[in-house]
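Let's take a walk through this fold, starting from a single side chain and working outwards. Have the sequence and the model open side by side.

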Amino acid sequence: MKNLSLLHSLYRTALAFGMLLCVCCVGLTACSQPDPVWRLEGMQGTALWHVTVNRPPATLSEAQLQAGLNNAFAETNQLIGSWEPTSTISQFNRYSGMDWFSVSPKLAKLVELTLHISQQSAGSYDVTLAPLLQLWGFGSHDSAKERIPTQAEIALTRAKVGYQKLQVRLDPPALRKSQPDLHLELASVADGFAADQAGLYLESLGIHDYMVEIAGEVRTRGISPRGDAWRIAIEKPQEEAGRMVQQGVSLRKAGLATSGDYRNFFVKGGQRYSHTFDPTTGSPVTHNLASASVLAEETTVADAYATLFMVLGEEKAKAFAETHGIHAYFIWRTDDGFKTFATTGFSEAFINN
């Protein structure tokens, strides 16, 4: 642990969808601040979001910004929230036809990104896994529904899954499924995408010094209220003994996302089952990787790769990150405790004091 002092200023966030990253806005110094700092929060679905704005425009009120951010997050819900019956994704999932289904340019570009990563990873990343999640009980908050399906059930459900059955078109923007019961689930990028959309909204208002955090995924731009980079804390992936910082990072223009197995899992018969699934087996992963963090300019991209790395496991994920030039930080379990590895690009952001 490099920076225990960060613990005293961890931004308070709710545990929503197994929050995987604690956000730390290091406290202001004792000297007076000539410029205002606004800290706003709200809900997107069941996830709590926080926005810190440094030096907001004088023409904008805090109440106006709160209302605007509420609308921005609500628009994201209506686009990709599978829990929202009227969302575009929910409508597409109910659509049983196999013709092109019109969507917004934003959604088309998002799906294009997910399909690119699916192809890049030979299917280890797949946003059509919803039927398998439901089969294992991860699609429900009812712990009684958590179950271990039979191999026959898994094989039958896997027939409903496959990124190859999904197509995207950018002009005019549309999606198409080659199988009527194909379901698209964008939870693996939802929080990162929401953070990016909120950030773009802030920039449209002339705000360039801000931090957006939702369910632990972060987008930073400009300078913090301290007058330097934003300081963010990556959580130690432990299930007990409270929340602790594993590593602090310093960011100016970056998105940071963390995925892990230590919040959303269940135990049956003494066996631990993670919510992260291997599409090739239709079952939860069984490796020792506990947490994967990724830095990218856009939080959506970081979110997707962090999910992919949790599927691959520590060895394959490290090799993939190095091969594709992705800035990543891994924490995995050993008999002697946690071990870590950071790519060169990621380690350059470390706070070491």
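Which residues does Asp-303 touch, not counting those up to four places away in sequence? Bear in mind as you look that this is a predicted model. The contacts are Ser-188, Val-189, Ala-190, Asp-191, Gly-192, Glu-217 and Ala-257. Asp-303 itself sits in helix H7, which runs over residues 299-312, while helix H6 covers 187-204.

Now for the charge on Asp-303. This residue is buried, yet it has no salt bridge. Arg-219 carries the nearest side chain of opposite charge, and that is 12 Å away. Since a salt bridge calls for a side-chain nitrogen of Lys or Arg within 4 Å of a carboxyl oxygen, that distance doesn't qualify. What the side chain of Asp-303 does have is a backbone partner: one of its polar atoms lies 2.9 Å from the backbone nitrogen of Gly-192.

Stay with H6 for a moment. Its 18 residues reach 26 Å from the first C-alpha to the last, close to the 26 Å you'd expect at 1.5 Å a residue. The helix is mostly covered, with 13 of the 18 residues buried. After H6 comes Gly-206, where phi turns positive, near 85°.

Next, the hydrophobic interior. The largest nonpolar core holds 43 residues, and those touching the most other members are Ile-80, Leu-107, Leu-184, Leu-186, Phe-309 and Phe-330. Several elements each put in at least two residues, including helix H1 (62-80), helix H3 (105-120), H6, strand S17 (289-296) and strand S18 (327-334). H7 gives the most, with eight residues. So the helix that carries the buried Asp-303 is also the top contributor here.

Pick Ile-80 to see how things fit together. Leaving out residues up to four places away in sequence, Ile-80 touches Ile-89, Leu-107, Leu-110, Leu-186, Ala-190 and Phe-193. Ala-190 may ring a bell, as it was on the contact list of Asp-303 too. Apart from this core lies another one, made of 19 residues, among them Val-51, Leu-202, Tyr-210 and Ala-215.

Back to charges, then. How many salt bridges does the model have? The count comes to 10. One of them pairs Arg-55 with Asp-209, the closest N and O atoms being 2.6 Å apart. Arg-55 lies in the loop between strand S4 (47-54) and H1, and Asp-209 in the loop between H6 and strand S8 (210-214), so this pair ties together parts that are 154 residues apart in sequence. The two ends sit in unlike surroundings: Arg-55 is partly exposed, at 42% relative accessible area, whereas Asp-209 is buried, at 11%.

Another pair is Lys-253 with Glu-297, where the closest N and O atoms are 3.6 Å apart. This one also links distant parts of the chain, 44 residues apart: Lys-253 is in the loop between strand S11 (245-251) and strand S12 (254-260), and Glu-297 in the loop between S17 and H7. Lys-253 counts as exposed, at 55% relative accessibility, and Glu-297 as partly exposed, at 44%.

Finally, some salt bridges share partners, joining Asp-196, Glu-203, Arg-219, Arg-221 and Glu-298 into one network. Notice Arg-219 in there: it belongs to this network, and it is also the residue found 12 Å from Asp-303.

Notes:
Residues numbered from 1 in each chain as written. Predicted model: local features only at pLDDT ≥ 70, side-chain atom pairs only at ≥ 80, totals over all residues. Heavy atoms only, no water. Helix = DSSP H or I, 4+ residues; strand = E, 2+ residues; numbered from the N terminus. Buried < 20%, exposed > 50% of the residue type's maximum accessible area, 1.4 Å probe, protein only. Lys, Arg positive; Asp, Glu negative; His and termini not counted. Polar contact = N/O pair within 3.5 Å; in protein donor to acceptor, adjacent residues only side chain to side chain. Contact = heavy atoms within 4.5 Å. Core = buried A, V, L, I, M, F, W, Y, C linked by side-chain atoms within 4.5 Å. Expected span 1.5 Å × (residues − 1).
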